[in-house]
Amino acid sequence: MGKNRKTVLYALRFIAFAGTLSAVIVMVTSKEENYFYGVELEAKYTHSPALTYFVIANSIGAVYGFLLLFLPPASMLWRFVVAVDVVVVLLLSSSFSAAMAIAYVGKEGNYYAGWLPVCDQISDFCHHVTGALTAAFVALVIYTELLCTLL
């Protein structure tokens, strides 16, 4: 493998690591309390199993990305990288999809089920979730591109 290609792959892995780590940090720090018609609304990622799953999956992706940055090029563990990359891409895509579904319901509501949109009342929380989803999507695209490059 050429030196330029290795440099590009390491740079992409670092960007993917930064994306997953950013998604975790932004989501974990998202919290908002607001009063709406005398009722206190508190929004945290731990109130939704899908958002909790999102944080756990992106944490796994961040730890994996961090460990790969320090894996020596001559290590025999690189043979398993493709298999673990597949697992990480599947994990990140499923958690992104689950969190995106919750974010959509929070923004748009579901009038057929009687769920009202809540992002007008807790806009800071929704902006944090949007930022975390954006960072996770960038990381997911890069991990997918890395997987396609390795195959």
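In the predicted model, the buried residues of helix α3 are Val 81, Asp 85, Val 88, Val 89, Leu 92, Ser 95, Phe 96, Ala 99 and Gly 106. These buried positions pack against α1, α2 and α4. The 28 residues of α3 should span 40 Å at 1.5 Å a residue, and the end C-alpha atoms of the helix are 39 Å apart, in agreement with that expectation. Gly 109 follows α3 and has a positive phi, near 75 degrees.

Two of the buried positions of α3 were examined individually. Asp 85 lies in this helix and has a relative accessible area of 0%; it is therefore classed as buried, the cut-off being under 20%. With neighbours within four places in sequence left aside, Asp 85 is in contact with Arg 13, Tyr 64, Leu 68, Leu 147 and Leu 150. For one of these partners, Tyr 64, the separation along the chain is 21 residues and the distance between C-alpha atoms is 9.1 Å. Val 89 is also placed in α3, which comprises residues 81-108. Its relative accessible area is 11%, so Val 89 is likewise buried. Outside the four nearest places in sequence, Val 89 touches Leu 140, Tyr 143, Thr 144 and Leu 147. The C-alpha atom of Val 89 is separated by 22 Å from that of Ser 48, a residue 41 positions away along the chain.

Helix α2 comprises residues 49-69; for its 21 residues a span of 30 Å is expected at 1.5 Å a residue, and its end C-alpha atoms are 30 Å apart, which agrees. Buried residues in α2 are Ala 50, Leu 51, Phe 54, Val 55, Ala 57, Asn 58, Gly 61, Ala 62, Tyr 64, Gly 65 and Leu 68. They pack against α1 (3-28), α3 and α4 (123-150).

Two packed helices are described by the angle between their axes and the distance between the axes. For α2 and α3, the angle is about 150 degrees and the axes are 8 Å apart. Because angles over 145 degrees count as roughly antiparallel, α2 and α3 are assigned to that class. The crossing of α2 past α3 is left-handed. On the α2 side, the contact is made by Ala 50, Leu 51, Tyr 53, Phe 54, Ala 57, Asn 58, Ile 60, Gly 61, Tyr 64 and Leu 68. On the α3 side, the contributing residues are Val 81, Val 84, Asp 85, Val 88, Leu 91, Leu 92, Ser 94, Ser 95, Phe 96, Ala 98, Ala 99 and Ile 102. By class, this contact of α2 with α3 consists of 17 nonpolar, four polar and one charged residues.

The axes of α2 and α4 come within 12 Å and cross at roughly 40 degrees. This angle makes α2 oblique to α4. Helix α2 passes α4 in a left-handed crossing. Leu 51, Phe 54, Asn 58, Gly 61, Tyr 64 and Gly 65 of α2 form the contact with Phe 125, Ala 132, Leu 133, Ala 136 and Tyr 143 of α4. The residues of this contact of α2 with α4 divide into eight nonpolar, three polar and no charged.

Thr 20 is located in helix α1. With a relative accessible area of 0%, Thr 20 is buried. Beyond residues up to four places away in sequence, Thr 20 touches Asn 58, Gly 61, Ala 62, Leu 92, Ala 139 and Tyr 143. Among these partners, Asn 58, Gly 61 and Ala 62 are listed with the buried residues of α2, and Leu 92 with those of α3. Tyr 143 also appears among the α4 residues in contact with α2, and among the residues touched by Val 89.

At the level of the whole chain, the model contains four helices and two strands. Along the sequence these elements follow the pattern α-β-β-α-α-α. Of the 151 residues in the chain, 35% are buried. Among contacts with a separation of 6 or more, 74% join residues that are 24 or more positions apart. Taken along the principal axes, the C-alpha atoms fill a box of roughly 65 × 30 × 20 Å.

Notes: Residues numbered from 1 in each chain as written. Predicted model: local features only at pLDDT ≥ 70, side-chain atom pairs only at ≥ 80, totals over all residues. Heavy atoms only, no water. Buried < 20%, exposed > 50% of the residue type's maximum accessible area, 1.4 Å probe, protein only. Contact = heavy atoms within 4.5 Å. Expected span 1.5 Å × (residues − 1). Axes fitted to C-alpha atoms, helices over the stretch in contact; angles between N-to-C directions. Parallel < 35°, antiparallel > 145°, perpendicular 65-115°, else oblique. Left-handed = near helix turned anticlockwise from the far one by under 90°. Nonpolar A, V, L, I, M, F, W, Y, C, P; charged D, E, K, R; others polar.
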